[in-house]
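Student: I'd like to take a close look at one part of this protein, with enough of the surroundings to place it. Could you walk me through it?

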Amino acid sequence: MTQTTPDATSTELLHAADPADAPWWRDAVIYQIYPRSWADSDGDGIGDLPGITARLPYLRDLGVDAIWLSPFYVSPMNDAGYDVADYRDIDPVFGSLSDADLLISTAHGLGLKVLVDLVPNHSSSEHEWFKAALAAGPGSPERARYIFREGKGPGGEEPPNNWPSVFGGEGWTRVTEADGTPGEWYLHIFDTTQPDYDWNNPEVGDEFASILEFWCDRGVDGFRVDVAHGLVKEDGLPDWHGPIQLLDASDMSAEAALPPSHEESARIHETGAGPRPPMWDQDGVHDIYRRWRAVLDAQPAPDRILCAEAWVKPESRLAKYVRSDEMHQAFNFDFLDTHWAAGPLRESITTSFRENDNVGAPTTWVLSNHDVVRHASRLGLDQSLPRPNGISADRAQPDAELGLRRARAATMLMLGLPGSSYVYQGEELGLPESTDMPHEFRQDPTFHRTEGKEIGRDGCRVPIPWVRDAPSLGFGPSDATWLPQPDSYGAYAVDQQAGVEGSTLELYRSLLATRRADRMGLGSASWHPLSGGDVVAVVNASGDGARQTLVLVNLGADAVALPEGATVTHASGPLAEDGMVPTDVAVWARL
Ligand code: NOJ
Ligand code: MG
């Protein structure tokens, strides 16, 4: 192995440093709390806001900058709260508005910013607007807030087009009109109980501007925007036979996975846009985000942010969501979806910096969330296969040890890169997916709508283990948990890892402390000469070049020698006796 003396000027600059006074969100580490599963205060087996508030000091000590809360609004919970019945109130299962106020003020007191989830593509069918739409009948202004259409065929018996639901089955449901006759159909890209809004109707836009203001007034620091690429549908709602690409190709129902028709291929060819389904990433969405940006910028404290959940490819199209007058951030799902292979990881990193820098936005990094198999398990699966939508006992099981080894290395890469990172609750414990949950516990509508063909997302949503020898592993005061905790979870509990050298929790704490102290999130990035083959090696340097940190991951079979004089500050696993970096291990080293 050739050793190269590091020389920042000889390497290709991937990304220039940010100024030291950059706004908080350019380098924030944001911790996702899934409220149902983080901490339960009242023993009903469902996590809640008082539970979260009580444990916020844990996050201050972990060293994150902000939290993002998945939805806590009034909801019948058919999609775990992503089916909102009232955007201005808290579901009683989670608490009350005053609990939310206390959570926000407590977080602020601990130096943590708070992002909430905004779900603007659809409401719950229990929302007052949808109930009014059903009651008011065809042609009414109430129906015009949603996408109601006549059916096709004799008697309107067939749905208006062939769009599937992301969760499986048809994307349309027919209603029964007040006189008892079968009536119009409404579009729901997700569950039947999640009717899509019609964003061509100005009333919808006004309502969401007002919802943004409502939560800004309550002190939140920003919004994670659900299905940000879905709000506007192509005019005429044309049929589509291609993949629907939400949560990526492996997540869709089998029926939807047909190749594009001839006409569709021609259209794709003509527009040069790549396969862009008519329900996603229509140009009209950008007008919506410009308006929202203006709403946020008009607030007394104009440092609140919007982060897009947009499963959009290629990254140049995703970058449009974070142009300077639109959102601030977008989740980097390309990075999340990249297999454990050095070449693709380098490519994802290069493209992410290039496209975001083009529009002046910070790049984000993310490895896990409440919709995907946890990365400690995902990376222990066969990397030549697409990411599965959930794992059950009768399917290929991950290699837990390998998965965790790689997950720790992947995290070190993620946190070593400049930009903003998202950490999903439990990943700081190295928590694996629940892979053997009995089907009778499953709640994800995907599992039910596909009759079990898709396992769905329950496995990454299991309540967090805090204390090994306590009821519900310390999640709450009782034994109750809304999803069962696997036997293996006790060993990952916070009390088993806190203060234990080498534990995943201490690794995260130490990485976050160094990242903050060295302001690595604002650093520049260049390829180190060791990068290539099975090695990903980035130099993260401070703006003045005084600090240079090598972030290196070895994904190959042979151990890698570090450059002479490099001082290792962190390693995701033991190094070889001669200091070489073994397979699937990452290091941070000062140059
Ligand atoms: C994306 C969310 O992350 C997911 O959990 C939800 O099911 C869909 N959007 C629909 O709101
Ligand atoms: Mg509770």
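Student: In which loop is S542 found?

Tutor: Happy to take this one slowly, keeping in mind that we are looking at a predicted model. S542 sits in the loop that runs between strand 16 (535–541) and strand 17. It counts as buried, because its relative accessible area is 18% and the limit for that class is under 20%. For a sense of where that loop lies relative to another part of the chain, take G452: 90 residues separate it from S542 along the chain, and their C-alpha atoms are 50 Å apart.

Now follow the chain past strand 17, which covers 548–554, and you reach another loop, the one leading to strand 18 (567–571). E564 belongs to that loop. Here the burial is of the opposite kind: E564 is exposed, since its relative accessibility is 71% and exposed means over 50%. E564 also makes a nice contrast in distance, because 27 residues along the chain lie between the positions of E564 and L591, yet a C-alpha separation of 8.8 Å is found for the pair.

Both of these loops can be placed in the wider architecture. The protein is split into three pieces: domain 1 takes in 1–17 and 523–591, domain 2 is made of 25–120, 202–237 and 278–497, and domain 3 is 128–187. The segment 523–591 that holds our two loops is therefore part of domain 1. Between the centres of domain 1 and domain 3, over C-alpha atoms, there are 57 Å.

Let's step over to P238, which lies in the loop between strand 10 (222–225) and helix 5. P238 is partly exposed, with a relative accessible area of 24%. Setting aside neighbours within four places in sequence, its contacts are N161, W163 and P278. By comparison of positions, P238 and G521 are 283 residues apart in sequence, and 43 Å lie between their C-alpha atoms.

A little further on, between helix 5 (262–271) and helix 6 (285–297), comes the loop with D281. D281 is not a glycine, yet its phi is positive, near 55°. Most residues other than glycine have a negative phi, and most peptide bonds are trans. D281 is also buried, with a relative accessibility of 4%.

M77 shows a positive phi too, near 65°. You will find M77 in the loop between strand 4 (73–74) and strand 5 (86–90), and at 17% relative accessibility it counts as buried. For the peptide bond, look at K313 and P314: the bond from the former to the latter is cis, with omega near -10°. P314 has its place in the loop between strand 11 (305–308) and helix 7 (315–318).

One more loop deserves a visit, the one between helix 12 (445–449) and helix 13 (494–497), where P463 lies. P463 is buried, at 0% relative accessibility. Leaving out neighbours within four places in sequence, it touches S37, F475, T481, W482, L483, Q485 and Y489. A342 is a distant partner for comparison: 121 residues from P463 in sequence, and 33 Å from it in space, C-alpha to C-alpha.

Finally, the whole protein. Its secondary structure amounts to 14 helices and 19 strands. A compact globule of 591 residues would have a radius of gyration near 25 Å, and the 24 Å of this protein agrees with that. The C-alpha trace spans about 80 × 60 × 55 Å along the principal axes. Of the 591 residues, 61% are buried, and S542 is one of the buried residues. Among contacts with a separation of 6 or more, 69% join residues 24 or more positions apart. The exposed surface comes to about 21,200 Å², with carbon and sulfur atoms supplying 52% of it. As for charge, there are 46 positive and 90 negative charges, and their mean positions are 3 Å apart.

Note on methods:
Residues are numbered from 1 along each chain as its sequence is written. Chains are lettered from A and ligands numbered from 1 in the order in which they are written. This is a predicted model: local features need pLDDT of at least 70, side-chain atom pairs count only at pLDDT 80 or more; totals for chains, interfaces and linings use all residues. Side-chain values use heavy atoms; hydrogens and water are left out. Helices (H or I, at least four residues) and strands (E, at least two) are DSSP runs, numbered from the N terminus. The radius of gyration is taken over C-alpha atoms; the globule rule is 2.2 Å times the number of residues to the power 0.38. Buried means under 20% relative accessible area, exposed over 50%, partly exposed in between (1.4 Å probe, protein chains only). Contact means heavy atoms within 4.5 Å. Accessible areas come from the Shrake-Rupley method with a 1.4 Å probe; for residues, only the protein chains shown count as cover. Lys and Arg count as positive and Asp and Glu as negative; His and the chain ends are not counted. The place of a charge is taken as NZ of Lys, CZ of Arg, CG of Asp or CD of Glu.
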